[in-house]
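Hi,

Here is the structure I promised to pass on. Have a look at it first, and then read on for what turned up.

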Amino acid sequence: MSFMQQLHTRWQSADSLVCVGLDPEPAKFPARFFGRDDAVFEFCRDIVDATAEYVCAFKPQIAHFAALGAEDALARLIAHVHAQHPGVPVILDSKRGDIGSTAQHYAAEAFDRYGADAVTANPYLGRDSLQPFLDRADRGVIVLCRTSNPGAADLQDLLVAGRPLYQHVAEKIAVEWDTHSNCALVVGATWPEQLREVRAIVGAMPLLVPGVGAQGGDVEAVVSNAKSADGTGLIISSSRAVLYASNGDDFADAAARAAGTLRDEINRYR
Ligand SMILES: O=C(O)c1cc(=O)[nH]c(=O)n1[C@@H]1O[C@H](COP(=O)(O)O)[C@@H](O)[C@H]1O
C-alpha cells in the first residue's frame, strides 16, 4: 500500500491525527537505560510500542540518530514499526535537498536503506532536486513550506510577485510537482494563520504540522484552521512532550498518556 493510502486508512482506523516524533536524546532517558549499548533502540522501541495505538504515523528525526552513530538503531526501529505495527507509516525526517545526481542517493537512503514510507524534503534547490523523491510514487514526499521555528519568516515570508514565498511553494507543489499525488507539506503549528492560508491553496493535501507540545503551538487553532473538509488532512507531530513526559520507570505509560491526551484534544476540534 502506498504512503498516502496507509495514511488515509490509519486516520480512520486509529481515529487519530497524531504523529509521535522519535528524537532520541540519551541524556533525557530514564536511568534504566544509562550505560546500555542499545539504549537508543530500546528507548525508542518502548515508546513506539506504548504509543502506537494513538498515532497515525511515527517520525524519526535522522540527526538525532546519526549524531550518536546510531544509524543501525534507526534502521532496526523502522523495521520494528513495520513488523509490529503494520499499517502505521514511518516518516523519516531528514529534510533533504540537493542537485539531482546527489538527491538520487538521498532518496535511496530514505526509501531503500531505511525503508521509510515518506521523507521530509527541502524545496530550495528546485524541482529537479526533488524529482528522485517525487518519482517514488508509493512513497510520500513532505516538502518544507512554512516551518515552525522563529526564523521561518526570514526567507519563507519574502514577497515574490506580491505573495510570500511559502505560498508559492504551496502552489507549485500542489499544482505542478505532485504528479503522483504523493506530496504533503510541512507547516508549523506555531503559525495558525499561515496554516489557514496554505490549506486554502492546497485543497485536501496532507499537512505535517510539528510544533505542538514543546514549541507551544495551539491545538485548537491548528485543527480549526487547517483540517481538510472531511476533518482529516493533518499529521500533527509532537516529539519531546511525548518522549520525555516522564524520566522515571513509568516513561512508557506517561508517553502513552501524552499521546492519547493529544489525540483526544485534537479530536474535540475536528
Ligand atoms: O520537518 C519537521 O519535522 C520539522 C519541521 C518544522 O518546521 N519544525 C520542526 O520542529 N520539525 C521537527 O519536528 C520535531 C519537533 O520536536 P518537538 O518540538 O520536540 O515536538 C523536531 O524533530 C524538528 O526537527
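A word on burial before anything else: a residue is called buried if 20 or more other C-beta atoms lie within 10 Å of its own, exposed if 12 or fewer, and partly exposed in between. By that count, helix α6 (residues 127-134) has S129, L130, P132, F133 and L134 as its buried residues. Their cover includes α5 (100-113), β4, β5 and α8. Do keep in mind that this is a predicted model.

Now the overall picture. The protein chain has 12 helices and 10 strands. Its C-alpha trace spans about 55 × 45 × 35 Å along the principal axes. The radius of gyration is 18 Å, which agrees with the value near 18 Å for a compact globule of 270 residues. Buried residues come to 48% of the 270 in the protein chain. If you take the contacts with a separation of 6 or more, 72% of them join residues 24 or more positions apart.

UniProt, in an unreviewed entry, puts "domain: Orotidine 5'-phosphate decarboxylase" at residues 17-255. That span is 42% helix and 18% strand, and its end C-alpha atoms lie 16 Å apart.

Next, the ligand. There are 19 residues around the ligand, and T147, S148, P210, S239 and R240 come nearest. By type, the shell divides into 12 polar, four charged and three nonpolar residues. Two strands, β3 (91-96) and β10 (234-238), each supply at least two residues of that shell.

Strand β3 is also where K95 sits. The unreviewed UniProt entry gives K95 as "active site". Is K95 buried or exposed? Neither label quite fits: K95 is partly exposed, because 17 other C-beta atoms lie within 10 Å, and a residue needs 20 or more to be buried and 12 or fewer to be exposed. Once neighbours within four places in sequence are left aside, K95 is in contact with T120, A121, N122 and L144.

Helix α1 (residues 3-13) is worth a look too. F3, M4, Q6, L7, R10 and W11 are buried there. Viewed down the axis of α1, these buried residues fall within an arc of 160°, so they line one face of the helix. Q5, Q12 and S13, on the other side of α1, are exposed. Among the elements that cover the buried residues of α1 are β2 (57-60), β4 (118-121) and β5 (140-146). Just after α1, D15 has a positive phi of about 50°.

L7 comes up again with P206, which touches L7, A184, G233 and I235 when residues up to four places away in sequence are not counted. P206 is in the loop between α9 (192-202) and β9 (207-210). Despite that loop position, P206 counts as buried, because it has 25 C-beta neighbours inside 10 Å. From P206 to N182 the C-alpha distance is 9.6 Å, with their places 24 residues apart in sequence.

Another buried residue to check is V222, in helix α10 (residues 219-226). V222 is buried because 27 other C-beta atoms lie within 10 Å. Beyond its neighbours within four places in sequence, V222 is in contact with A189, P192, L195, V209, V212, G217 and I236. For a sense of distance, the C-alpha atoms of V222 and D117 are separated by 25 Å, and the two residues are 105 apart along the chain.

Lastly, two backbone oddities in loops. A161 is not a glycine, yet has a positive phi of about 50°. A161 lies in the loop between β6 (159-160) and β7 (163-164), and it counts as exposed because it has 6 C-beta neighbours inside 10 Å. S181, also a residue other than glycine, has a positive phi near 50°. S181 is in the loop between α8 (165-177) and β8 (183-187). With 9 C-beta neighbours inside 10 Å, S181 counts as exposed.

Cheers

Notes: Residues are numbered from 1 along each chain as its sequence is written. This is a predicted model: local features need pLDDT of at least 70, side-chain atom pairs count only at pLDDT 80 or more; totals for chains, interfaces and linings use all residues. A residue is near a molecule or strand if its C-beta atom, placed from the backbone, lies within 6 Å of it. Helices (H or I, at least four residues) and strands (E, at least two) are DSSP runs, numbered from the N terminus. Ala, Val, Leu, Ile, Met, Phe, Trp, Tyr, Cys and Pro count as nonpolar, Asp, Glu, Lys and Arg as charged, and the others, Gly among them, as polar. UniProt positions are given in the numbering used here, feature names are shortened, and annotations may be inferred rather than shown by experiment. Two residues are in contact if their C-beta atoms, placed from the backbone, lie within 7 Å. The arc is that of the directions from the helix axis to the C-beta atoms. The radius of gyration is taken over C-alpha atoms; the globule rule is 2.2 Å times the number of residues to the power 0.38.
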